[in-house]
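Biologist: I am new to this structure and would like to understand the words people use for it. Could you take me through them one by one?

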Amino acid sequence: MPASIARGPGVLRRQLMLTAACALLGGAALAQAPAPSATGDFPNKPIRMVVTFPPGGSADAVIRMLVPRLNEKLGQPVVVDNRPGAGGNVGLSLVAKAPADGYTLGLGAAGALAANVNLYPQMPFDPVKDFKPVAMVAATPFVIVGHPSTPARTLRELIALARAKPGMLSIGHGGNGTAMHLSAALFAQMADVKLVEVPYRGSGPAALDAIAGQIPLALVDLPASLQQIKAGKLVAFAVTSAQRVPMLPDVPTVAEAGLPGYDSTGWFGVVAPASTPAPIVTRLNAEINAALGDEQIKASIRNLGAEPAPASSEAFEAYIQSETKKWAKVIQAAHIRLD
């Protein structure tokens, strides 16, 4: 006979009640205990990196420099998927609609993340509501250059020349709505000059026409102009960033050369769908920043004319917000609109 029955029904009843109570307590404890993290094994499959630029450009090249390091540290391949078009809107619209699980990321730039919302009458996404900034990657300073025949050698002389001949000087840039276009508009506004803006399909063609003397001025990126500046085929008046660039240490910033407060660079960074879990964002941010801190990777990025710009997710988010406000004022004042 089982011992529990032998001890009598009262004892058994008390024992069953105690067992039930323990079960209830155990269930409550389990309910209160934190559930196993759904992100603890991230990543466990390949990560898609939607790059909003065509292959071969500086942003595409920079992210491909980071990929081998990210593959190693994350333990899963990061697959680059180039989706250019509409100033970055095509690629980032795919990211905005992707599951918020960290497996689809986007490499977007100042245009799509800060300027396009004020340039296009309709947007396929809301850059504030639809994305979670993950990590800033790099900044790309621009440079104001001119053909050697231009009768100015300093930015102050150039501004004086433009004021003396309003609407007579033309300046080429990398295309309507690009960061170079907006940088040229900001320069004209702050210098109080009237320039004829000439859009090109990229920085390279604008630089080539300046070298050939087809246009007197251009605002272009460093890869398109650096060697020509060093060869004396272009005059470098100023760089657009807040600090001088290592590749052109003798060229002043626009702020130093006559327009205090001027600061304009192209930049790009990684974003994820808005509700991506914080632990995943933190992990990705840490690995991207660590890769940007590698001395060999830093040197390679700088050789492309870009500057590594590691930052926290929060700092990147704040920067996007500040850039959006800044460019909204420039776009409104310049009456720039894209279809």
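Modeller: Happily! Let us begin with Arg302 and Glu307, which form a salt bridge in this predicted model.

Biologist: What makes Arg302 and Glu307 a salt bridge?

Modeller: The closest N and O atoms of Arg302 and Glu307 are 2.7 Å apart. The cut-off is within 4 Å, so the pair qualifies.

Biologist: And are these two residues buried or exposed, or something in between?

Modeller: Arg302 has 30% relative accessibility and Glu307 has a relative accessible area of 26%. Buried means under 20% and exposed means over 50%, so both count as partly exposed.

Biologist: How many salt bridges does the structure hold?

Modeller: There are ten salt bridges. One of them joins Asp81 and Arg48, with the closest N and O atoms 2.9 Å apart.

Biologist: Why can one say that Asp81 and Arg48 tie together separate parts of the sequence?

Modeller: Because Asp81 lies in strand E2 (residues 78-82) and Arg48 in strand E1 (residues 47-51), the pair links parts that are 33 residues apart in sequence. Arg48 and Asp81 also belong to a network of salt bridges together with Arg83.

Biologist: Why is Asp81 called buried, while Arg48 is called partly exposed?

Modeller: Asp81 has 18% relative accessibility, and buried means under 20%, so Asp81 counts as buried. Arg48, at 28%, falls between 20% and 50%, so Arg48 counts as partly exposed.

Biologist: What makes Glu256 and Arg244 a salt bridge?

Modeller: Their side chains meet at 2.9 Å, N to O, and the cut-off is within 4 Å, so the name fits. Glu256 lies in helix H10 (residues 254-257) and Arg244 in the loop between strand E8 (235-239) and H10, so the pair ties together parts that are twelve residues apart in sequence.

Biologist: Let us turn to the rings. Why is the pair of Trp267 and Phe316 called edge-to-face?

Modeller: The ring centres of Trp267 and Phe316 are 6.0 Å apart, and the limit is within 6.5 Å, so they pair. The angle between the planes is 85°, and over 60 degrees counts as edge-to-face, so that label applies. Trp267 lies in strand E9 (residues 265-273) and Phe316 in helix H13 (residues 313-334), so this pair ties together parts that are 49 residues apart in sequence.

Biologist: How do you know that Trp267 and Phe316 are buried?

Modeller: Trp267 has a relative accessible area of 1%, and Phe316 also has 1%. Buried means under 20%, so both residues are buried. Trp267 and Phe316 form one aromatic cluster with Tyr319.

Biologist: What tells you that the charged end of Lys45 sits over the ring of Tyr103?

Modeller: The charged end of Lys45 is 4.7 Å from the centre of the Tyr103 ring. The distance limit is within 6 Å, so that part of the test is met.

Biologist: Finally, why are helices H7 and H13 called roughly perpendicular?

Modeller: H7 (residues 179-191) and H13 pack at an angle of about 70°, with their axes 10 Å apart. Angles of 65 to 115 degrees count as roughly perpendicular, so the term applies to H7 and H13. Among the residues that make the contact are Leu182 and Leu186 of H7 and Trp327 and Ile331 of H13.

Note on methods
Residues numbered from 1 in each chain as written. Predicted model: local features only at pLDDT ≥ 70, side-chain atom pairs only at ≥ 80, totals over all residues. Heavy atoms only, no water. Phe/Tyr/Trp six-rings, centres within 6.5 Å; stacked < 30°, edge-to-face > 60°. Helix = DSSP H or I, 4+ residues; strand = E, 2+ residues; numbered from the N terminus. Buried < 20%, exposed > 50% of the residue type's maximum accessible area, 1.4 Å probe, protein only. Lys NZ or Arg CZ within 6 Å of the ring centre and 35° of its normal. Axes fitted to C-alpha atoms, helices over the stretch in contact; angles between N-to-C directions. Parallel < 35°, antiparallel > 145°, perpendicular 65-115°, else oblique. Contact = heavy atoms within 4.5 Å.
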